[in-house]
Amino acid sequence: MAQAVKKEQSTITGFNIDDKDLAILKLLQHNARITVKEISDKIHLSTTPVHERIKRMEEAGVIKQYATLVDHSKVKKGLMVICYVSLRQHSKNAGIKFIKLIQSLPEIIECYSISGEFDFMLKVMAENMDAYYDFHVNKLSQEENIGHVQSVFVMGVIKQTHVLVH
């Protein structure tokens, strides 16, 4: 049954991922700076097929980007806040306007459309409580369609990962 679902997903996306692709993805997730030569040595393929597989996964959007993970506390972003936001109006134009606002605010590093009492969940990084207060009062709450905002302050991070392929 799991294979039937996997095959259906591959057909829908038009992209098949085999065990070698998964091995490449696993290695890249743990170290995006790993060389093609190092990958080829670890998965027992020559460098050309490894390079071609990576390029194919990039072009298909399987690999979206390469990133550097930064310790937020070392770049003056010591306060992490989860904000739950509900909108007053739920029209298409109101949604587009809200999304444009979210995209324009660098303090917001993640935004999810969610179900339940609130419409969106935001992950906000600020230097400290004063900076978050300024963001909340002078930026986020200035949007006329914001109905209710509930802020939850992160006391500590128990698990934070970007690894999807195991």
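**Exercise 1. Find which residues form one aromatic cluster with Tyr132.**

Step 1. The cluster consists of Tyr132, Phe135 and Phe153. This is a predicted model, where local features need pLDDT of at least 70, side-chain atom pairs count only at pLDDT 80 or more, and totals for chains, interfaces and linings use all residues. Residues are numbered from 1 along each chain as its sequence is written, and side-chain values use heavy atoms, with hydrogens and water left out.

Step 2. Now the pairing rule: rings of Phe, Tyr and Trp (its six-membered ring) pair if their centres lie within 6.5 Å; planes under 30 degrees apart are stacked, over 60 edge-to-face, and the rest tilted. That gives 4 aromatic pairs.

**Exercise 2. Work out how the rings of Tyr84 and Phe118 sit, and where the two residues are.**

Step 1. Their centres are 5.6 Å apart with 40 degrees between the planes, so the pair is tilted.

Step 2. Tyr84 belongs to strand E1 (residues 79–87), while Phe118 is in the loop between strand E2 (108–113) and strand E3 (120–126), 34 residues apart. Helices (H or I, at least four residues) and strands (E, at least two) are DSSP runs, numbered from the N terminus.

Step 3. Phe118 is buried at 8% relative accessibility, whereas Tyr84, at 25%, is partly exposed. Buried means under 20% relative accessible area, exposed over 50%, and partly exposed in between (1.4 Å probe, protein chains only).

**Exercise 3. Do the same for Tyr132 and Phe153.**

Step 1. Here the centres are 5.6 Å apart and the planes meet at 85 degrees, so call this pair edge-to-face.

Step 2. Tyr132 is in helix H6 (residues 129–138) and Phe153 in strand E4 (residues 146–153), 21 residues apart.

Step 3. Tyr132 is buried at 3%; Phe153 is partly exposed at 32%.

**Exercise 4. Place Tyr132 in the largest nonpolar core.**

Step 1. A nonpolar core is a set of buried Ala, Val, Leu, Ile, Met, Phe, Trp, Tyr and Cys residues joined through side-chain atoms within 4.5 Å.

Step 2. The largest one has 19 residues, and Tyr132 is one of those touching the most other members, along with Cys83, Val85, Leu122, Val124 and Leu140.

Step 3. E1 supplies the largest share of this core, 5 residues.

Step 4. Leaving aside neighbours within four places in sequence, Tyr132 has contacts (heavy atoms within 4.5 Å) that include Leu79, Val81, Cys83 and Phe153.
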